[in-house]
Amino acid sequence: LNAIAGADAKLQDVIVTGSVSFKKSTTDGQDYVVYDIVGGQRYGIKITVDNTGRLFAFLVTAPERTYEMDKKKFDYMLGSFQTFNSVSQFV
């Protein structure tokens, strides 16, 4: 999470002042972590490291009230993110 937050000062602030929860899952042998970060602005972040060692993340954010109103849509977006196994880091 820190690797992703380093690129977004607002996200860093919400992590420090808000609440962070997470859930781990595995899909087709790939491990994922989904973070729910709440503190005025709300972030949903899904992170994985693929079989070549590369970090991938998908992030959605909105004001907390808007996020709650469209939570089903944001959850669908986060759930749709996945990586595919590759035999080469260049494919």
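Contact means heavy atoms within 4.5 Å. Keep that in mind as you work through these exercises.

This is a predicted model, in which local features need pLDDT of at least 70, side-chain atom pairs count only at pLDDT 80 or more, and totals for chains, interfaces and linings use all residues. Residues are numbered from 1 along each chain as its sequence is written, and side-chain values use heavy atoms, with hydrogens and water left out.

**Exercise 1. Work out how many helices and strands the protein has, and in what order they run.**

Step 1. Start with the rule: helices (H or I, at least four residues) and strands (E, at least two) are DSSP runs, numbered from the N terminus.

Step 2. Count them: the protein has four helices and four strands.

Step 3. Read from the N terminus, and the order is α-α-β-β-β-β-α-α.

Step 4. Add the dimensions: the C-alpha trace spans about 40 × 25 × 20 Å along its principal axes.

**Exercise 2. Describe the surroundings of Gln30.**

Step 1. Place the residue: Gln30 belongs to strand E2.

Step 2. Check its exposure. Buried means under 20% relative accessible area, exposed over 50%, and partly exposed in between (1.4 Å probe, protein chains only). With a relative accessible area of 7%, Gln30 is buried.

Step 3. List what it touches. Leaving out residues up to four places away in sequence, Gln30 touches Ser25, Thr48, Val49, Asp50, Asn51, Thr83 and Asn85.

Step 4. Look at the side chain. A polar contact is a pair of N or O atoms within 3.5 Å; within protein, one must be able to donate a hydrogen and the other to accept it, and residues adjacent in sequence count only if both atoms are side-chain atoms. The side chain of Gln30 makes such a contact with the side chain of Thr48, at 2.5 Å.

**Exercise 3. Find which residues are joined into one network by salt bridges that share partners.**

Step 1. Recall the idea: side chains of opposite charge can pair when their charged atoms come close. A salt bridge is a side-chain nitrogen of Lys or Arg within 4 Å of a carboxyl oxygen of Asp or Glu. The structure holds four of them.

Step 2. Take Asp50 and Arg54, whose side chains meet in a salt bridge (2.8 Å, N to O). Asp50 is buried at 6%, and Arg54 is partly exposed at 30%.

Step 3. Turn to Arg42, which bridges to Asp36 with the closest N and O atoms 2.7 Å apart. Arg42 is buried, with a relative accessible area of 6%, while Asp36 is partly exposed at 22%.

Step 4. Now add Glu68, which forms a salt bridge with Arg42, the closest N and O atoms being 1.9 Å apart. Glu68 lies in helix H3 (residues 64-69) and Arg42 in strand E3 (residues 41-49), so this pair ties together parts that are 26 residues apart in sequence. Glu68 is partly exposed at 43%.

Step 5. Put the shared partners together: Asp36, Arg42 and Glu68 form one network.

**Exercise 4. Name the residues of the largest nonpolar core and say which elements supply at least two of them.**

Step 1. Use the rule: a nonpolar core is a set of buried Ala, Val, Leu, Ile, Met, Phe, Trp, Tyr and Cys residues joined through side-chain atoms within 4.5 Å.

Step 2. Write out the ten residues of the largest core: Ile4, Ala5, Leu11, Val14, Val33, Tyr35, Ile37, Tyr43, Ile45 and Ile47.

Step 3. Assign them: helix H1 (2-5), helix H2 (9-17), E2 and E3 each supply at least two residues.

Step 4. Note the second, separate core of five residues, which includes Val60, Ala62, Tyr67 and Leu78.

**Exercise 5. Decide whether the ring pairs Phe22–Tyr35 and Tyr67–Phe74 are stacked or tilted.**

Step 1. Rings of Phe, Tyr and Trp (its six-membered ring) pair if their centres lie within 6.5 Å; planes under 30 degrees apart count as stacked, over 60 as edge-to-face and the rest as tilted. A search of the whole structure finds four aromatic pairs.

Step 2. For Phe22 and Tyr35, the ring centres are 6.0 Å apart and the planes meet at 45 degrees, so the pair is tilted. Phe22 is exposed at 53%, whereas Tyr35 is buried at 16%.

Step 3. Tyr67 and Phe74 are stacked, with 4.5 Å from centre to centre and 15 degrees between the planes. Both Tyr67 and Phe74 are buried.
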